[in-house]
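Here are my notes on this one, set out as numbered points. Have a look at the model first, then read on.

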Amino acid sequence: MRTLILLALAGLGAQLVDGSLGMAYGVTSTTLLLAFGTNPAAASATVHLAEIGTTLASGVAHWRFGNVDWRVVAKIGLPGAVGAFAGATVLSNLSTELAEPAMALILLGLGAYVLTRFTFLGLPTGNLNKPLRKRFLSPLGLVAGFLDATGGGGWGPVGTPAILASGRLEPRKVIGSVDTSEFLVAIAASLGFLFGLGSEGVDLAWAAALLVGGLIAAPIAAWLVRHVPPRLLGSAVGGIIVLTNVRTLLRSDWLNASDATQWTVYALIYVLWAAAVAHSFREHRKQTRIAPEASTGTQETGTPEGDEPDTAKADTSDLDGAKAEVPARTGSGGSA
């Protein structure tokens with residue numbers, strides 16, 4: 001029961017991050033299941049089964065908040081489904097000894113990408129409203145879908161930054177569209193694992209726990225996408241993914257590192273992770289200060305609001321003086 005509660009909380013947290021960043025539900029959840037000792041194919045299958053429900057709920061919530069571009073969903077989602085089915089089939093046929101470190105290596109690369117991307121680059125916003133072409137989205141969906149199934153996550157970490165980097169779609173719509181299209185990817189990957197594994201190793205109770213947490217978080221995340229600083233979240237989640245998968249690799253037969261080596265590497269990662277989160281926080285604070293100052297500077301370049309009352313007063317005083325002269329001249333004329 002304790003494990004199910006932890007999984008539900010993990011699903012809630014992962015979906016909050018995924019719905020706000022457009023990535024990291026699968027990577028985070030799969031990393032957790034691997035830490036519990038689940039074999040890689042079963043972990044990815046369990047997560048994708050849960051994602052059928054969470055991505056549907058997330059897509060509906062994002063649609064209700066106006067965060068979805070349906071043309072992008074169609075152009076990236078269908079190729080993504082093909083790639084996910086192929087990736088699930090490949091992973092199902094790999095031995096556990098080979099698959100576990102291989103998946104950890106993929107997840108480590110994705111985690112490092114998320115960490116560095118959001119720490120140093122933030123979110124690009126240039127070239128907004130230019131069309132996203134099918135020749136760009138289709139190959140992207142195919143690769144992201146394949147990595148998503150084989151790595152237990154990767155649809156968001158590959159798809160979201162690539163579309164954000166184009167600068168052609170506003171961030172909230174990138175996140176909403178990627179999350180919505182992931183529904184097709186989750187269905188295709190689940191079918192691939194069903195054909196490759198059957199129900200072997202897939203824990204339906206664990207999938208249900210992840211699903212419940214994700215369903216609770218989905219509408220909250222769709223609302224938070226406009227309010228939570230994604231740069232800070234990306235750095236925090238990227239560090240978790242890097243740390244957990246480095247741990248898996250160090251303990252694998254590939255490396256079999258000593259305890260002293262492991263703790264030295266962990267300490268180094270903790271220091272770098274803390275520095276990355278601190279840098280992201282400083283950059284976010286800097287941007288929030290610059291925005292009002294830029295707005296104030298723009299207003300100051302126009303005609304100052306204080307000039308209009310002064311001019312009006314000057315004009316009124318001139319009129320009053322003219323009125324004062326009229327009776328004076330009239331009076332002098334009458335006495336003459």
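1. A word on terms before anything else: a contact here means heavy atoms within 4.5 Å. On that count, residues 24 or more positions apart account for 86% of the contacts with a separation of 6 or more.

2. Bear in mind that this is a predicted model. The average pLDDT is 75, and 74% of the residues score at least 70. Confidence is highest in helix H4 (residues 70-92), at a mean of 90, and lowest in helix H12 (residues 307-335), at 42.

3. I'd be careful with the C-terminal stretch. Over residues 303-336 pLDDT stays under 50, and the model has zero contacts for them beyond four places in sequence. Where pLDDT is low, the predicted coordinates should not be read in detail. I'd apply that to H12, with its mean of 42.

4. What is the secondary structure made of? The protein has 12 helices and zero strands, so reading along the sequence just gives α over and over. Of its 336 residues, 45% count as buried. The protein exposes about 16600 Å², with carbon and sulfur atoms supplying 65% of that area.

5. Now the inside. The largest nonpolar core has 43 residues, and the ones with the most contacts inside it are Leu33, Val72, Ile76, Ile163, Phe193 and Leu210. Helix H8 (residues 171-197) gives the largest share of this core, seven residues. Another core lies apart from it, with 13 residues, including Ala104, Leu249, Tyr266 and Ala276.

6. Which residues does Ile163 touch, leaving out those up to four places away in sequence? The list is Val72, Ile76, Leu132, Phe136, Leu137, Leu140, Val174 and Val178. Two of these names, Val72 and Ile76, also appear among the residues with the most contacts inside the largest core.

7. Helix H6 (residues 134-151) is worth a look too. Its 18 residues reach 25 Å from the first C-alpha to the last, close to the 26 Å expected at 1.5 Å a residue. The buried residues in H6 include Leu137, Leu140, Gly141, Ala144, Gly145 and Asp148; Leu137 and Leu140 are also among the residues that Ile163 touches. After H6 comes Gly152, whose phi is positive, near 75°.

8. On to the rings: the structure holds three aromatic pairs. Phe85 and Phe195 form one that is edge-to-face, 6.1 Å centre to centre with 70° between the planes. The pair links distant parts of the chain, with Phe85 in helix H4 and Phe195 in helix H8, 110 residues apart. Is Phe195 buried or exposed? Phe195 is exposed, because its relative accessible area is 63% and the cut-off for exposed is over 50%. Phe85 is partly exposed, at 34%.

9. Tyr270 and Trp273 make up another pair, this one stacked: 6.4 Å centre to centre, 20° between the planes. Why are these two separated by about one helical turn? Because they are three residues apart in helix H11 (residues 259-301). Their exposure is worth noting as well: Tyr270 is partly exposed, with a relative accessible area of 45%, whereas Trp273 is buried, at 18%.

How values were computed
Residues are numbered from 1 along each chain as its sequence is written. This is a predicted model: local features need pLDDT of at least 70, side-chain atom pairs count only at pLDDT 80 or more; totals for chains, interfaces and linings use all residues. Side-chain values use heavy atoms; hydrogens and water are left out. pLDDT is the predictor's confidence in each residue, from 0 to 100. Helices (H or I, at least four residues) and strands (E, at least two) are DSSP runs, numbered from the N terminus. A nonpolar core is a set of buried Ala, Val, Leu, Ile, Met, Phe, Trp, Tyr and Cys residues joined through side-chain atoms within 4.5 Å. Buried means under 20% relative accessible area, exposed over 50%, partly exposed in between (1.4 Å probe, protein chains only). Rings of Phe, Tyr and Trp (its six-membered ring) pair if their centres lie within 6.5 Å; planes under 30 degrees apart count as stacked, over 60 as edge-to-face and the rest as tilted. The expected span of a helix is 1.5 Å times one less than its number of residues. Accessible areas come from the Shrake-Rupley method with a 1.4 Å probe; for residues, only the protein chains shown count as cover.
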